Amino acid sequence: MEILKEELQKSIAYNMRMLYRKDIEEATPQQMYQAVSYALKDYIIDMWMNTHKTYEEEDAKTVYYLSMEFLMGRALGNNIINMKALPAVKEALEELGFSLENIEEEEPDPALGNGGLGRLAACFLDSLSTLGYPAYGCGIRYKYGMFKQAIENGYQVEKPDNWLKDGYPFEIKRAEYTEEIKFGGYVKMIMGDDGRDHFVQENCLSVRAVPYDIPIVGYDNGIVNTLRIWDAEAINDFNLDSFDKGDYQRAVEQENLARTITEVLYPNDNHYAGKELRLKQQYFFVSASVQRAVKKYMENHDDVRKLHEKVCFQLNDTHPTVTIAELMRILLDDYYLTWNEAWEVVTKSCAYTNHTIMSEALEKWPIDLFSKLLPRVYQIIEEINRRFIGLLNEKYPGNQDKIRSMAILYDGQVRMANLAIVAGYSVNGVARLHTEILKNVQLKDFYELWPEKFNNKTNGITQRRFLLHGNPLLAKWITDRIGDGWITDLSKMEKLLQFVDSEEDLISLSEVKQKNKARLAKYIKEHNGITVDPESVFDVQVKRLHEYKRQLLNILHVMYLYNEIKSGNMLDMQPRTFIFGAKASAGYRRAKAIIKLINNVGNVINNDPAVRGLIKVVFIENYRVSNAEIIFAASDVSEQISTASKEASGTGNMKFMLNGAITLGTMDGANVEIVEEVGPENAVIFGLSAEEVINFERNGGYDPREIYNNDLRVRRVVDQLVDGTYTEEDVNIFRELYDMLLNRDEYFILKDFAAYAEAQRRTDAFYKDRKAWTRAALINIAKSGKFSSDRTIEEYATELWKLKKVTVDEHKAE
């Protein structure tokens, strides 16, 4: 769809008058952002309606991608790029006296996600639209997200992320698709007219689930899919009768329930109320999404037993696993299917993606909590479990170990991953190494029972956001040499290999990197007040804060470098800027202590003139998609140093690679496949292998105190955690980290310290040969094709979901 500059300007002016009763000359930047977004939304809606009319005409099969998180990033710039409207929009705004770059800064990042899980879901939605596959993303319209991170005196402070305070112009409320969600009460069995038992949930507390739709624009193809996020509203806003009787809490009970369900992402579940709220959230969006999906199917079909022919539910990790029991409930209680009929539909409709081998993330709910909150759903899970235990007893007579490992209900818990595997027709890991660990270690018993269910789908990222939008200088450099086909087919990046020995091209590529580093240096100065040298090595670790990701290993090494510099060593090292960015879960005490440590170490080093500019430490506050785009573009070194076997895939590693950073990492997750693509000489690899880690975990043999006692470097930095070097206020604030390293060190930080220090020395030597470094950076860019989410979605769509691509007549949308 062509966007004409003059029409766009008229639409912007009209929106300004209608929204704010202002002329453009009087507009604030935020008002201009709103007016521009609504103007673009007019064009998008035409394409959106045309897309869904085409889907209905073709009776296209649709995937519903169910996820607790969608870390979307800003929509305005991404929509402009995918509509190929950048020249027209920039020119229109410049003539009106505004800069597109400044207007984009007015858009908040939608607070709908936190980490890689949510960002992957967002990349997948972009790829589904660009490839022309019918899809809905389904999640929750969080009012405050996880939190907005502030750093105060080195500590993480969680503040509400009120991203909706000015309104979100790209969403549309769809009240006509409201669904009722029931919690608690009891289940009543009645005899139906068909002579069968039927079940009704009574005396329950209900809320309304109200959908808000956000358009997901495909790249230059007229396709617009939908992210549907559900808000909660009270069935009855106010119970006057209860209020008049003095029962004030009952009077607002429904309203309070509705408000708490959608307030925050991942409420602290260190207590019973937090666990209950998390389960409510999961059931809330799953029930609403599944109810609506079934109704939508039945609008154009008359046999719900064939639902699986037109509908697929993809469960993004264990959070949406209750989909299985909820779909069974709908088919049994609303459509009166027999158990076997309903089970056949469910087991052909639901597929499960596992994102972790970490046992804490394989969700388990206390049975007493689950059964009280979701009594009918729990009954159904009981029956699924009963039948599955019967199958196990037939297959493995008398083998209680199998039941202990595989039962859905066991030891007072509902084990959601087991439910997903039992009912799902597909179980996939997200990197080859991760999938092999699932098959041979974590889910070995299930793999032996159903090997045909297991498959791998290595994760990917969208090059349209993380290169075309996030790094326009590099995008232009690439397009000038190989054309723009890479925008929708990243494998075409391989054409860049012809330039790896061209000195002229390597110099110009290095110049692009320096300009991006200058941009990030400006951001750091504005937001952190720290001056960093763009000529230094930008060594970057940005990702969710978890102990297995080993930000602690990184900062311990920085402390070691500082000690060496103070001792007169390492003076010939390349100046290095260590950049961190991460949020820690509000209740994750040790992770928050690591953030404090990073900031304290930075405060000491950055203010010590003896360092002579050789190292600086920066912690970027409130890491999110919009500042990530700036960070990836500027990075030299990509820190991917998780404990081998713990990172399922990682996608930050792919974003760094795409932008020409060299991986410094362990052979974990997708790092393995990155190294295969680029060659070991174009990455810096260190540390224990996954097999070695698993062997230590099973058989023991690692004593961190042995390393502490025998390696002076290690002993010194560990002691500095508690000797006051980095703690003016209280020498014990890092005592827990100290004790953990010496008594458990379950993530093998001290075990890998020497290898990591050596890898850092190799990185320093590598970077000093700038031509060789830039050549390796170009090879990384050229070999990034495998890691596009377009490739990943093509595999899901053709191998698992059995979707067909749809093309639209774009002229109908005009």
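These are my notebook entries on a few helices, salt bridges and backbone angles that I looked up in a predicted model.

**Entry 1: helix 2**

I started with helix 2, which runs over residues 29–58 and has 30 residues. I looked up its span, and it reaches 43 Å from its first C-alpha to its last. That is close to the 44 Å expected at 1.5 Å a residue. Is there a spot where helix 2 changes direction, and where is the bend? I found it at Asp42, where helix 2 bends by about 25°.

**Entry 2: just past helix 2**

Next I went on to Asp59, which comes just after helix 2. Asp59 sits in the loop between helix 2 and strand 1 (62–66). What sign does the phi of Asp59 have, positive or negative? It is positive, near 50°, and Asp59 is a residue other than glycine. I noted that because most residues other than glycine have a negative phi. Asp59 has a relative accessible area of 31%, so I put it down as partly exposed.

I looked up Arg612 as well. Its phi is near 55°, again a positive value in a residue other than glycine. Arg612 is in the loop between helix 23 and strand 20 (615–619). With 58% relative accessibility, Arg612 counts as exposed.

**Entry 3: helix 29**

Then I checked what is hidden in helix 29, residues 712–719. Val714, Val717 and Val718 are buried there. Why do they line one face of the helix? Seen down the axis of helix 29, the buried residues fall within an arc of 100°, so they share a face. I remembered the general rule here: an α-helix has 3.6 residues a turn, so residues three or four places apart point the same way.

What do the buried residues of helix 29 pack against? I wrote down four helices: helix 22 (551–566), helix 28 (704–710), helix 30 (735–743) and helix 31 (753–768).

**Entry 4: salt bridges**

How many salt bridges does the structure hold? The count is 58, and I picked out three pairs to look at.

My first pick was Arg141 with Asp231, whose closest N and O atoms are 3.1 Å apart. This pair links distant parts of the chain, 90 residues apart. Arg141 is in the loop between strand 2 (135–140) and strand 3 (148–152), while Asp231 is in strand 10 (residues 224–234). Are these two buried or exposed? Both Arg141 and Asp231 are buried. I also saw that they belong to a network of salt bridges, in which Arg141, Lys143, Glu171 and Asp231 are linked.

My second pick was Arg386 with Glu383, which meet at 2.6 Å, N to O. Both lie in helix 14 (residues 375–395), 3 residues apart, about one turn of the helix. Arg386 has 51% relative accessibility, so it counts as exposed. It gets that label because the cut-off for exposed is over 50%.

My third pick was Glu736 with Arg589, where the side chains meet at 2.8 Å, N to O. This pair also links distant parts of the chain: Glu736 is in helix 30 and Arg589 is in helix 23 (residues 589–606), 147 residues apart. Glu736 is partly exposed, with a relative accessible area of 27%. Arg589 comes out as exposed at 58% relative accessibility.

How values were computed:
Residues are numbered from 1 along each chain as its sequence is written. This is a predicted model: local features need pLDDT of at least 70, side-chain atom pairs count only at pLDDT 80 or more; totals for chains, interfaces and linings use all residues. Side-chain values use heavy atoms; hydrogens and water are left out. Buried means under 20% relative accessible area, exposed over 50%, partly exposed in between (1.4 Å probe, protein chains only). Helices (H or I, at least four residues) and strands (E, at least two) are DSSP runs, numbered from the N terminus. The arc is that of the directions from the helix axis to the C-beta atoms. Contact means heavy atoms within 4.5 Å. The expected span of a helix is 1.5 Å times one less than its number of residues. The bend at a residue is the angle between axes fitted to the seven residues ending there and the seven starting there. A salt bridge is a side-chain nitrogen of Lys or Arg within 4 Å of a carboxyl oxygen of Asp or Glu.
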